[in-house]
Amino acid sequence: MNKIAIITDTNSGISQEEASHLGISLVPMPFIIDGYTYYENIDLTQKEFFDKMERGCDITTSQPSLGSLIELWDELLKTHETILHIPMTSSLSGSFASAYMLAKEYNNRVIVVDNLRITVTLRQSVLDALKLRSLGFSAIEIKEKLEFCSGEANIYLSLDTLSYLKKGGRITPAVAAIGSLLHVKPVLSYKNGILAPYKKTRGQKTAWKEMLKAVECDLEHHFKGKDVSICTAYSGSKEQGENWLKTVQDHFPDFKIFHTKLSLSIATHTGPGVYGISCCSKF
C-alpha cells in the first residue's frame, strides 16, 4: 500500500494533465452560472467562462460537495495509508472548513492543510508536499511544515476594473464609479490570508511597475537568502498574458518564471484583464 496520497483543488491553477503528471488528485472547483453548476476544467473552459462573463451571466463560486470528497477519499484510502488534502485558503473559501470537519470521521487517515495559499502559491505548496513526501515525512509532519511556512508567499494583482469587486460586495458602487472615471488600475496584495489594497495606479504600465518594485523589495528583505520561485498569472487575453510574462522575465533574468492562467475561482471576483505575480520560498 502506498503511504500518502496528495490532493488539491483547481484554485491552484494545476490542470488535470499536470495533476496526472505529478501523481496527485485534483478536485475541480464548482461554479453556479445562471442556476447551472459547472466544474473548472471539466465542463467549463477558460474561454467559455469569460464568454459567459462578458454576456453578463450571473456567476458565483461554490465549494466542492462533501459527497464528492467522500467518494474521492474513500477510493484513495483503498490504496494509500493516509491522505494529505491541501485546499485553497480558509480566508477566501469554506472549502477548508468543510473538509476539516469531514476529516474528523476518518480517524486521522485524512489530514487537511490550511496554509493560507491561493493560485500559484497553492501550487508551490503541492510541490513542497511532494518533495517532503519523497524525503520520508509523514502527512502530519508535512501539514505542520506547510502551515508553519504559510507566510512565505506574497501575491500582487493588478485589476482592469473594479466592477467585479463591486458586484461581489467587496467595494461600494461609489468607489467603483470613481475608479472607472479616473482610470485607476488598482493593485491588490495577498499576504498571510489577507487580500488588501496595495496601490492605486493610473494605467497598466504603471501598475506593472509597482508590482515589479514590490517583488524586488520582497526579494531584498522578506526572502533574502532563501530559495524563491517567481510565478506569473493572468486572466483574459493570452497575448497580454505573454507580454506580462516577458516583462517579468526581462526584469528578473536570473529566475525561471512559471506562467499560467489565473484560476477561475479568483477570476470570478476580479474579471478579465488581471495580471498577477507571486514570490514564494521553496523547501
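# Why these names fit

Me: What makes strand β6 count as mostly covered?

Reply: In β6, which spans residues 80–86, six of the seven residues are buried. Buried stands for under 20% relative accessible area, exposed for over 50%, and partly exposed for anything in between, using a 1.4 Å probe and protein chains only. The strand itself is a DSSP run: strands (E) need at least two residues, helices (H or I) at least four, and both are numbered from the N terminus. A word on the background: this is a predicted model, in which local features need pLDDT of at least 70 and side-chain atom pairs count only at pLDDT 80 or more, while totals for chains, interfaces and linings use all residues. Residues are numbered from 1 along each chain as its sequence is written, and side-chain values use heavy atoms, leaving out hydrogens and water.

Me: How do you know which strands β6 pairs with?

Reply: Two strands pair if DSSP finds at least two bridges between them. Strand β1 (residues 2–9) is joined to β6 by six bridges, and the two run parallel. One of the pairs to look for is Thr-8 with its bridge partner Ile-86. Strand β7 (residues 110–112) also runs parallel to β6, with three bridges between them. Here Ile-83 has Val-110 as its bridge partner. Both pairings therefore satisfy the rule of at least two bridges.

Me: What makes β6, α4 and β7 a unit, and which hand does this unit have?

Reply: Strand β6, helix α4 (residues 95–103) and strand β7 form a β-α-β unit that is right-handed. To check the hand, point the strands away from you: the crossover is right-handed if the path from the first strand over the helix to the second runs clockwise. Further along, β11 (residues 228–235), α10 (residues 238–251) and β12 make another right-handed β-α-β unit. Its strands, β11 and β12 (residues 258–261), run parallel and share four bridges. Thr-232 sits opposite His-259 of β12.

Me: Why are the buried residues of α2 said to lie on the same side?

Reply: The buried residues of α2 (residues 46–54) are Gln-46, Phe-49, Phe-50, Lys-52 and Met-53. They span an arc of only 155° around the axis, so they lie on the same side of α2. That arc is taken from the directions from the helix axis to the C-beta atoms. An α-helix has 3.6 residues a turn, so residues three or four places apart point the same way. The face of α2 turned away from the buried side carries exposed Lys-47 and Glu-54. After α2 comes Gly-56, with a positive phi near 85°.

Me: Why is Ser-25 called buried or exposed?

Reply: Ser-25 has a relative accessible area of 17%, so it belongs with the buried residues. This serine lies in strand β2 (residues 25–27). Leaving aside residues up to four places away in sequence, Ser-25 touches Ile-6, Ile-7, Thr-8, Leu-72 and Leu-76. A contact here means heavy atoms within 4.5 Å.

Me: What about Gly-276: why is it called buried or exposed?

Reply: Gly-276 counts as buried because its relative accessible area is 5%. You can find this glycine in strand β13 (residues 274–281). Among the residues that Gly-276 touches are Tyr-156, Cys-231, Thr-232 and Trp-244.

Me: Why do Asn-107 and Leu-116 fall into their exposure classes?

Reply: Asn-107 is at 65% relative accessibility, so it counts as exposed. Leu-116 is at 23%, so it counts as partly exposed. Asn-107 is in the loop between α4 and β7, and Leu-116 in the loop between β7 and α5 (119–134). Neither is a glycine, yet phi is positive in each: about 50° for Asn-107 and near 60° for Leu-116.

Me: What makes a space a cavity, and how many does the search find?

Reply: On a 1 Å grid over the protein atoms alone, a cavity is a set of points where a 1.4 Å probe fits but cannot get out; lining residues have an atom within 4 Å of a point. Grid points are joined across faces, edges and corners, and the volume is the space filled by probe spheres set on the points. Three cavities of 30 Å³ or more turn up in the whole structure. The largest has a volume of about 60 Å³. Its lining includes Asp-9, Val-27, His-85 and Ser-98. Helix α4 gives the most to that lining, with three residues.

Note on methods: 1 Å grid on protein atoms, 1.4 Å probe; cavity = no way out; pocket = protein on both sides within 12 Å on 5 of 7 lines; lining within 4 Å.
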